[in-house]
Amino acid sequence: MSVLDIVRLGHPALRTPARRVEEDQLAGEEIDRLVADMLKTMRAASGVGLAAPQVGVDLQLFVYEVPGESGGEERARGRVVVNPMVEPEPGEMVYDWEGCLSIPDLRGLVPRHPKVRVWGLDQAGEPLDYEAEGLEARIVQHEFDHLNGVVFLDRMRDLRSLSYSQELERYLSEDDIPSPAVG
Ligand code: NI
């Protein structure tokens with residue numbers, strides 16, 4: 001397994017819709033290695049999600065991990081979603097802090113759907129169909145956007161919250177310091 005280079009804003013991969021993964025690529029060595037490398041890269045960068053275009057790979061695939069999902073005892077389980085479709089469930093948009101491994105250090109308040117339905121395949125090609133809410137829903141929407149050439153800055157409704165993480169820590173009171181979803 002290796003830690004891959006994460007491309008930054010300005011790299012065309014972040015603005016290009018990704019290609020679907022072909023069925024015969026699934027359950028293959030190449031995809032298994034890509035998934036293992038992406039999970040390792042995401043963890044090394046202290047991220048909660050990573051989409052293939054962020055490592056310069058033109059495929060509809062993302063990985064993520066919900067912090068504290070397993071009660072903090074056992075390590076959160078890495079999830080893999082291939083060729084996803086994400087649709088919002090009813091509910092008012094929720095604002096929370098996000099950051100992006102491809103836009104280092106910047107944080108902003110981003111509105112997201114509180115609950116989404118996710119369809120896709122796992123890395124073995126088995127169908128996925130589940131609902132995600134809260135932080136997981138936010139991560140899934142952020143990563144799904146990456147597969148369509150969209151970054152969190154595009155989703156912000158008011159750029160005035162855009163801040164460097166160091167400045168947030170310096171100027172916000174301790175209780176207000178966010179723990180942003182960075183993916
Ligand atoms: Ni991102």
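What follows walks through the metal site, the two sheets and a few individual residues of this predicted model. Residues are numbered from 1 along each chain as its sequence is written, and side-chain values use heavy atoms, with hydrogens and water left out. As this is a predicted model, local features need pLDDT of at least 70 and side-chain atom pairs count only at pLDDT 80 or more, while totals for chains, interfaces and linings use all residues.

The nickel ion makes a natural starting point. Its donors are Cys100 (SG), His142 (NE2), His146 (NE2) and Gly183 (O), sitting at 2.0 to 2.2 Å. Donors here are N, O and S atoms within 2.8 Å of the metal (3.2 Å for Na, K and Ca); water is not among the atoms, so sites may look incomplete. Angles among the four donor atoms run from 93 to 137°, and the site is classed as irregular. For the bookkeeping, four donors count as tetrahedral if all angles lie between 85 and 135 degrees; four count as square planar and six as octahedral if opposite donors are over 155 degrees apart and all others between 65 and 115; anything else is irregular. For reference, the ideal angle for four tetrahedral donors is 109.5 degrees.

Along the chain, the donor residues follow the spacing C-x41-H-x3-H-x36-G. Cysteine 100 belongs to strand S4 (residues 94-100) and glycine 183 to the segment after strand S9 (181-182), so this pair ties together parts that are 83 residues apart in sequence. Cysteine 100 and glycine 183 are both buried (under 20% relative accessible area; exposed is over 50% and partly exposed in between, with a 1.4 Å probe and protein chains only). Strands (E, at least two residues) and helices (H or I, at least four) are DSSP runs, numbered from the N terminus.

S4 and S9 also meet in a sheet. This open, mixed sheet has four strands in the order S8-S5-S4-S9, with strand S8 (163-164) and S9 as the edge strands, each pairing on one side only. Strands pair if DSSP finds at least two bridges between them. S4 and S9 run parallel and are joined by two bridges; glycine 99 stands opposite valine 182 in S9. On the S5 side, S4 runs antiparallel to its partner through seven bridges, with aspartate 96 opposite valine 110. S4 and S5 make a hairpin with two residues between them. S5 in turn runs antiparallel to S8, with two bridges, and leucine 106 has tyrosine 164 in S8 as its bridge partner. Seven of the 10 residues of S5 are buried, so this strand is largely enclosed by the rest of the structure. Helix H2 (residues 134-146) lies across S4, strand S5 (103-112) and S9, at about 50° to S4. Axes are lines fitted to C-alpha atoms, for helices over the stretch in contact, and angles run from 0 to 180 degrees between N-to-C directions.

The other sheet is open and antiparallel, with five strands in the order S1-S2-S3-S6-S7. Its edge strands are S1 and strand S7 (127-133), each pairing on one side only, and the twist averages 40° from one strand to the next. Four bridges join S2 to strand S3 (residues 79-88), and the two run antiparallel; phenylalanine 62 has valine 81 in S3 as its bridge partner. Helix H1 (residues 29-44) packs on this sheet and touches S1, S2 and S3, its direction making about 40° with that of S2. H2 packs on the sheet as well, touching S1, S2, S3, strand S6 (115-121) and S7, at about 125° to S7. Contact means heavy atoms within 4.5 Å.

A search of the whole structure turns up one aromatic pair. Phenylalanine 62 and tyrosine 64 form this tilted pair, 6.1 Å centre to centre with 45° between the planes. The rule is that rings of Phe, Tyr and Trp (its six-membered ring) pair if their centres lie within 6.5 Å; planes under 30 degrees apart count as stacked, over 60 as edge-to-face and the rest as tilted. Phenylalanine 62 counts as buried at 0% relative accessibility, and tyrosine 64 counts as buried at 0% too.

Glutamine 60 lies in the loop between strand S1 (49-51) and strand S2 (61-64) and, at 16% relative accessibility, counts as buried. Beyond four places in sequence, its contacts include Arg19, Val81, Pro84 and Leu147. Aspartate 154, in helix H3 (residues 152-155), counts as partly exposed at 41%.
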